[in-house]
Structure formats: C-alpha cells, structure tokens
Amino acid sequence: IGWVLRTLVVPPLNIFNMMLPADKLYDKMLQLKLKIKELQEKEYQVSKIFVTFETEEGQRTALSALQLGRFDIMSKNKKAVAPSCLFRRQLLHVVQPAEPNAVRWLDLDVPPQTIVIRRF
C-alpha cells in the first residue's frame with residue numbers, strides 16, 4: 001500500500017500542492033511571502049472599499065466623522081472635514097453599508113453595463 005501511495009496517489013496531488021514534504025512546503029511559503037510583499041508595494045486604482053469594525057460604536061464614530069453633505073462631496077470641499085479625515089489628501093464619500101449578506105461579493109468589479117445586460 002505504501003508503494004501505491006508514493007507512486008500513484010502522491011505525485012498527482014503534488015501538482016496541486018497537496019501532500020508535499022515539509023521542506024517543499026517551507027520553500028513554497030517563502031515564495032508566497034515574497035509575492036505578497038511584491039503585491040503590497042503596488043498601487044491600485046480603487047473605486048469602492050468595504051471596511052469592517054470591531055464594534056458598532058466604532059462604525060458610528062467613523063460614519064459621523066466622515067459624513068459629508070452632497071454639496072461638499074460634489075464640490076470636493078476638503079475644509080468640510082478635519083485634515084485627519086482625508087485619505088491621501090482626498091475626500092472620501094462614506095455611506096452606511098448594506099448588511100454583509102446583502103452584498104454580491106462576486107459582482108463588485110463588474111461594470112454597471114454588464115449588470116444591466118445580465119438582467120435581460
């Protein structure tokens with residue numbers, strides 16, 4: 001049985017990074033850490049983000065500190081908030097979110113035109 005496992009079962013699983021020996025797993029982990037650091041250094045264009053809070057009080061505090069009127073948002077009035085509330089010297093349009101189970105996580109990066117087409 002040991003021979004069957006080593007020759008027939010383990011090699012195909014190794015392709016999917018399963019049942020690897022400890023030294024190979026460690027090497028793979030180091031490679032992934034380097035890749036993660038590389039991806040952290042990149043700058044990304046962001047259109048929407050979701051922030052989670054430990055407590056509802058923390059969420060309410062953030063919402064009240066960052067709440068802006070439509071006019072301030074449209075005119076990009078940076079004086080409407082404290083300088084510490086700017087992100088990279090930019091205003092943030094902050095709204096109270098829907099409940100997490102109401103968010104369609106797989107559709108976040110889909111253009112609105114595609115969503116409209118899918119409905120028909």
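**Pockets, pairs and backbone angles**

Me: What is the relative accessible area of Glu38?
Reply: Buried means under 20% relative accessible area and exposed means over 50%, with partly exposed in between (1.4 Å probe, protein chains only). Glu38 falls in the partly exposed class because its relative accessible area is 45%.

Me: What kind of model are we looking at?
Reply: Residues are numbered from 1 along each chain as its sequence is written, and side-chain values use heavy atoms, with hydrogens and water left out. Local features need pLDDT of at least 70, side-chain atom pairs count only at pLDDT 80 or more, and totals for chains, interfaces and linings use all residues; the model is predicted.

Me: Which side chain meets Glu38 in a salt bridge?
Reply: A salt bridge here is a side-chain nitrogen of Lys or Arg within 4 Å of a carboxyl oxygen of Asp or Glu. The partner sits in helix α2 together with Glu38, 3 residues apart, about one turn of the helix; helices are DSSP runs (H or I, at least four residues), numbered from the N terminus. At 41% relative accessibility, the partner also counts as partly exposed. With 3.8 Å from N to O, the side chain that meets Glu38 is that of Lys35.

Me: How far apart are the closest N and O atoms of Glu56 and Arg60?
Reply: Side chains of opposite charge can pair when their charged atoms come close. The structure holds 2 salt bridges. Glu56, exposed at 56% relative accessibility, shares helix α3 with Arg60, and they lie 4 residues apart, about one turn of the helix. Their salt bridge has its closest N and O atoms separated by 3.2 Å.

Me: Which helix gives the most to the lining of the largest pocket?
Reply: On a 1 Å grid over the protein atoms alone, a pocket is an open set of points where a 1.4 Å probe fits, with protein on both sides within 12 Å along at least five of seven lines; lining residues have an atom within 4 Å of a point. The largest pocket holds about 1,600 Å³ of space, and of its 39 lining residues the closest to the centre are Lys48, Ile49, Phe50, Val51 and His93. With 5 residues in that lining, the helix that gives the most is α3 (residues 56-66).

Me: How many charged residues are in the lining of the largest pocket?
Reply: Ala, Val, Leu, Ile, Met, Phe, Trp, Tyr, Cys and Pro count as nonpolar, Asp, Glu, Lys and Arg as charged, and the others, Gly among them, as polar. The lining of the largest pocket has 22 nonpolar and 8 polar residues, and its charged residues number 9.

Me: What is the volume of the second largest pocket?
Reply: Among the residues that line the second largest pocket are Lys48, Arg104, Asp107 and Arg118. By class, this lining has 4 nonpolar, 1 polar and 5 charged residues. A volume is the space filled by probe spheres set on the grid points, which are joined across faces, edges and corners. For the second largest pocket that volume is about 250 Å³.

Me: What is the relative accessibility of Phe53?
Reply: Phe53 lies in the loop between α2 (22-41) and α3. Along with Leu39, Tyr44, Val46, Ile49 and Val51, Phe53 makes a nonpolar surface patch of about 600 Å², where patch residues have over 30% relative accessible area and no salt bridge, and nonpolar side chains (Val, Leu, Ile, Met, Phe, Trp, Tyr) are joined within 5 Å, like charges within 9 Å. Areas come from the Shrake-Rupley method with a 1.4 Å probe; for residues, only the protein chains shown count as cover. Phe53 counts as partly exposed because its relative accessibility is 39%.

Me: What is the phi of Arg89?
Reply: Most residues other than glycine have a negative phi, and most peptide bonds are trans. Lys76 has a positive phi near 55°, lies in the loop between α4 (70-74) and α5 (112-119) and is exposed at 62% relative accessibility. Arg89 is placed in the loop between α4 and α5 as well, exposed at 67% relative accessibility. Although Arg89 is not a glycine, its phi is positive, at about 60°.

Notes. Helices (H or I, at least four residues) and strands (E, at least two) are DSSP runs, numbered from the N terminus.
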